Amino acid sequence: MVEAFDVTPRMRRVVFTGDNLDEMTYRPGQALVLAMPLPEGGTGRRDYTIRSFDRKKRQLAMDFVLHGTTPSPEWARRAAAGDELQVRGPRGRTVIDETADWHLFCGDETCLPAILHMLESLPGNAKVHVFLEVGGPDDLQKVPEAFAASVTWVDRGSKEAGPNTLLLDRLAAFELPQGRGHAYIIGETSNVRAQRRHLVERGLEKSQISSEGYWRPGRIGGHDHVDD
């Protein structure tokens, strides 16, 4: 590991290096599987999205939401240059559909690394619409200037992160653009499932929606494929 620093008060970036990183290929939105050290010993599988990759420097960054005292945020808080992790991948199906006429992104703060990286990979004239749920103003991050006016930050205020209708309500009031678009719906599993079903009911084909449950209350590690 090269370095670790806070991007926002609740998001910490860890920058890794490795001998074979110059050989890696991936698509923005994909993740690596980390062998995360566990307090009781051994390791547990954790999926974290690639935030950025500098092939020349062989440096890869991943962002960790600092929520709770589970193994991953605790490791990220202590991370320092020289620390090592075993990783596998990349993997993941939520990637840019380059044939789409427009792109719709929805997610909470756990999805900021994926969504921001995907936005950075799009041409500046792409038609995008973005709804991002966060815990407050301190969670806001810089977005590509070309898309700044297309991003709506949805502040949940004093509410706990988890199942809610904040993004679903925004989608209900959103007029779907003309043409064939693609939606990227990620975040808390029950919210993702509700948003996916809403878009299908409004006429989007299931093939036009990439949806992944990154987390759900009470579960440590793992993720859900949301295909129904």
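Q: Which residue is the bridge partner of F105 in strand 8?
A: This is a predicted model, in which local features need pLDDT of at least 70, side-chain atom pairs count only at pLDDT 80 or more, and totals for chains, interfaces and linings use all residues. Residues are numbered from 1 along each chain as its sequence is written, and side-chain values use heavy atoms, with hydrogens and water left out. Strand 7 (residues 102–107) and strand 8 (residues 128–134) pair in the parallel sense over 5 bridges, where pairing requires that DSSP find at least two bridges between two strands, and strands (E, at least two residues) and helices (H or I, at least four) are DSSP runs numbered from the N terminus. In strand 8, the bridge partner of F105 is V130.

Q: Which strands stand at the edges of the open sheet?
A: The sheet is formed by 6 strands in the order 9-8-7-10-11-12, with mixed pairing. Each edge strand has a single partner strand, so one side of each is left without a neighbour in the sheet; these are strand 9 (151–155) and strand 12 (224–225).

Q: How many of the residues of helix 2 are buried?
A: Buried means under 20% relative accessible area, exposed over 50%, and partly exposed in between (1.4 Å probe, protein chains only). The buried residues of helix 2 include P113, I115 and H117. Helix 2 (residues 112–121) is largely enclosed by the rest of the structure, because its buried residues number 8 of the 10.

Q: Why is C111 in no bond with the closest cysteine sulfur?
A: A disulfide is a pair of cysteine sulfur atoms within 2.5 Å, and the structure holds 0 disulfides. C106 is buried at a relative accessible area of 0%, and C111 is likewise buried at 0%. The sulfur of C111 is too far from that of C106 for a bond, because the separation is 9.8 Å.

Q: How many residues apart in sequence are the parts that D63 and R51 tie together?
A: A salt bridge places a side-chain nitrogen of Lys or Arg within 4 Å of a carboxyl oxygen of Asp or Glu. D63 and R51 form such a pair at 4.0 Å, N to O, and both residues are buried. D63 lies in strand 5 (residues 59–65) and R51 in strand 4 (residues 43–54), so the parts tied together are 12 residues apart.

Q: What is the N to O distance between R77 and E74?
A: Both residues lie in helix 1 (residues 71–78), 3 residues apart, about one turn of the helix. R77 is partly exposed at 35%, and E74 is partly exposed at 25%. Their side chains meet in a salt bridge with an N to O distance of 2.6 Å.
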